[in-house]
Amino acid sequence: MTLSSTLYDRVRTVIPAIEWPVFADDIEAILDLKRQRNAVILAHNYQTPEIFHCVADIVGDSLALAHKAMTVEADIIVLAGVHFMAETAKLLNPQKTVLIPDLRAGCSLADSITAEDIRLLRQRYPGVPVVTYVNTSAEVKAESDICCTSGNAKAVVESLGVPQVIMLPDEYLAQNIAAQTEVQIISWKGHCEVHERFTPADIRQLREDHPGVTVLAHPECPPEVVAEADFSGSTAAMSDYVGRQKPPRVMLMTECSMSDNIAVEHPEVEFIRPCNLCPHMKRITLANIRTALEQNRHVVTIEPEIAGRARLAVERMLAV
């Protein structure tokens with residue numbers, strides 16, 4: 001029995017047997033290449049199960065990947081996620097080679113704000129600290145005081161000990177955090193193209209169609225969606241909730257692959273999947289991960305002056 005066929009046992013509940021031969025060769029090749037090149041693969045929770053469960057060494061949400069990237073001992077890091085995540089891995093591992101399998105794996109949030117936008121905001125709100133979501137470019141992080149993720153945003157905002165902060169770029173995350181804290185939050189009109197499409201009507205209809213369903217919403221969803229949900233939290237918090245509470249029937253208001261990846265760990269839970277696909281995450285495939293390792297592409301680079309300031313903002317977040 002090949003290793004890839006053994007790995008299939010992990011994902012047989014979410015990948016039909018007829019599809020497995022399409023993945024098996026690439027999986028075997030990637031596992032070989034990782035050994036040959038002393039490489040590790042970091043995969044975000046939104047990656048498809050054949051990546052998340054079969055070739056990734058480290059998995060998690062943005063915060064977990066940022067933390068774990070600092071402990072990587074390999075020579076090469078392949079980031080199975082979007083470009084800002086690869087940049088963050090490079091910021092925390094400046095001496096290592098970081099590869100992103102597809103340069104087009106971007107992010108609507110990261111594209112919604114520039115470094116110049118932050119400089120203008122600082123002029124408008126002098127002295128107000130800037131808290132920047134990790135879903136941003138290195139250039140934007142470099143203009144910020146501290147970074148945050150959806151999982152630690154409230155703690156980061158309150159750690160500053162100030163009455164007012166600028167929180168960028170996700171408007172809905174800022175609004176959802178503002179509802180949980182006394183700190184006044186100045187937001188930006190950036191949105192995630194996956195989460196902004198969910199509506200309260202979607203939840204009400206799905207509750208009608210699936211009585212007893214437990215609804216979990218990501219805090220990048222609009223506040224009115226979060227208000228309709230039973231629980232709101234980062235992708236890691238959602239996964240922990242399912243593992244802890246084991247609701248018989250659950251619906252995740254987030255990217256599609258998240259449900260598949262949690263379902264592998266909890267086959268006893270029924271997942272209702274009214275999900276939205278992230279076109280950027282789905283640019284990462286087994287085939288281009290293999291090519292990245294074979295051809296050393298695409299190498300992530302950050303200008304040293306930008307990297308130094310951006311790294312400081314990420315390290316401040318990790319210290320909270």
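1. Helices (at least four residues) and strands (at least two) are DSSP runs here, and both are numbered from the N terminus. With that in hand, we can place Asn38, which sits in the loop between helix H2 (20-37) and strand S1. Please also keep in mind as you read that this is a predicted model.

2. Asn38 is a good place to begin looking at the backbone. Its phi is positive, about 50°, although the residue is not a glycine. Most residues other than glycine have a negative phi. As for its surroundings, Asn38 counts as partly exposed because its relative accessibility is 36%.

3. Lys246 belongs beside Asn38 on your list. This residue, again not a glycine, has a positive phi near 45°. You will find Lys246 in the loop that runs between helix H12 (235-245) and strand S11 (249-253). With a relative accessibility of 44%, Lys246 is classed as partly exposed.

4. Two peptide bonds also deserve a look on your screen. Most peptide bonds are trans. The bond from Leu168 to Pro169, however, is cis, with omega near -10°. Pro169 falls in the loop between strand S7 (164-168) and H9. A cis bond also joins Arg297 to His298, where omega is about -10°. His298 is part of the loop between H14 and H15.

5. Now for the overall layout. The chain is divided into domain 1 (3-106 + 281-299), domain 2 (109-193) and domain 3 (200-272). Domain 1 is thus listed with two segments, 3-106 and 281-299. Between domain 2 and domain 3, the C-alpha centres are 26 Å apart.

6. How much area is buried between domain 2 and domain 3? The value is about 710 Å², and carbon and sulfur atoms give 55% of it. On the domain 2 side, Ser150, Tyr172 and Asn176 lose the most area to domain 3, and together they make up 58% of what that side buries. In residues, 11 from domain 2 are in contact with 8 from domain 3.

7. What kinds of interaction cross the interface of domain 2 and domain 3? There are 4 residue pairs in polar contact, with both partners at pLDDT 80 or more, while the count of salt bridges is 0. Helix H9 (residues 171-178) supplies the largest share of the domain 2 side, namely 4 residues. By type, the domain 2 residues that touch domain 3 are 5 nonpolar, 5 polar and 1 charged.

8. Asn176 lets you see this interface at the level of one side chain. The residue is in helix H9 and is buried, because its relative accessibility of 8% falls under the 20% cut-off. Its side chain reaches the backbone oxygen of Pro219 at 2.9 Å. Leaving aside residues up to four places away in sequence, Asn176 touches Pro219, Cys221, Pro223 and Val226.

9. Is helix H4 (residues 62-69) mostly covered or mostly open? H4 is mostly covered, with 6 of its 8 residues buried. The buried ones are Ser62, Leu63, Ala64, Leu65, Ala66 and Ala69. Their cover includes strands S1 (39-44) and S2 (58-60) as well as helices H5 (83-92) and H15 (304-319). The N-terminal end of H4 is capped by Asp61, which places a side-chain oxygen 2.8 Å from the backbone nitrogen of Ala64.

10. Val269 brings you back to the part of the chain around Lys246. It occupies the loop between helix H13 (256-265) and strand S12 (270-272). Why does Val269 count as buried? Its relative accessibility is 6%. Beyond residues up to four places away in sequence, Val269 touches Val242, Lys246, Pro247, Pro248 and Val250. Pro248 lies 21 residues from Val269 in sequence, yet their C-alpha atoms are 5.1 Å apart.

11. Last comes Pro279, in the loop between S12 and helix H14 (286-295). Pro279 is partly exposed, with a relative accessible area of 41%. Its C-alpha atom is separated by 8.8 Å from that of Val194, a residue 85 places away along the chain.

Technical notes:
Residues numbered from 1 in each chain as written. Predicted model: local features only at pLDDT ≥ 70, side-chain atom pairs only at ≥ 80, totals over all residues. Heavy atoms only, no water. Domains from an automatic or database assignment. Contact = heavy atoms within 4.5 Å. Buried area = accessible area lost by both parts, 1.4 Å probe. Salt bridge = Lys/Arg side-chain N within 4 Å of Asp/Glu carboxyl O. Polar contact = N/O pair within 3.5 Å; in protein donor to acceptor, adjacent residues only side chain to side chain. Nonpolar A, V, L, I, M, F, W, Y, C, P; charged D, E, K, R; others polar. Buried < 20%, exposed > 50% of the residue type's maximum accessible area, 1.4 Å probe, protein only.
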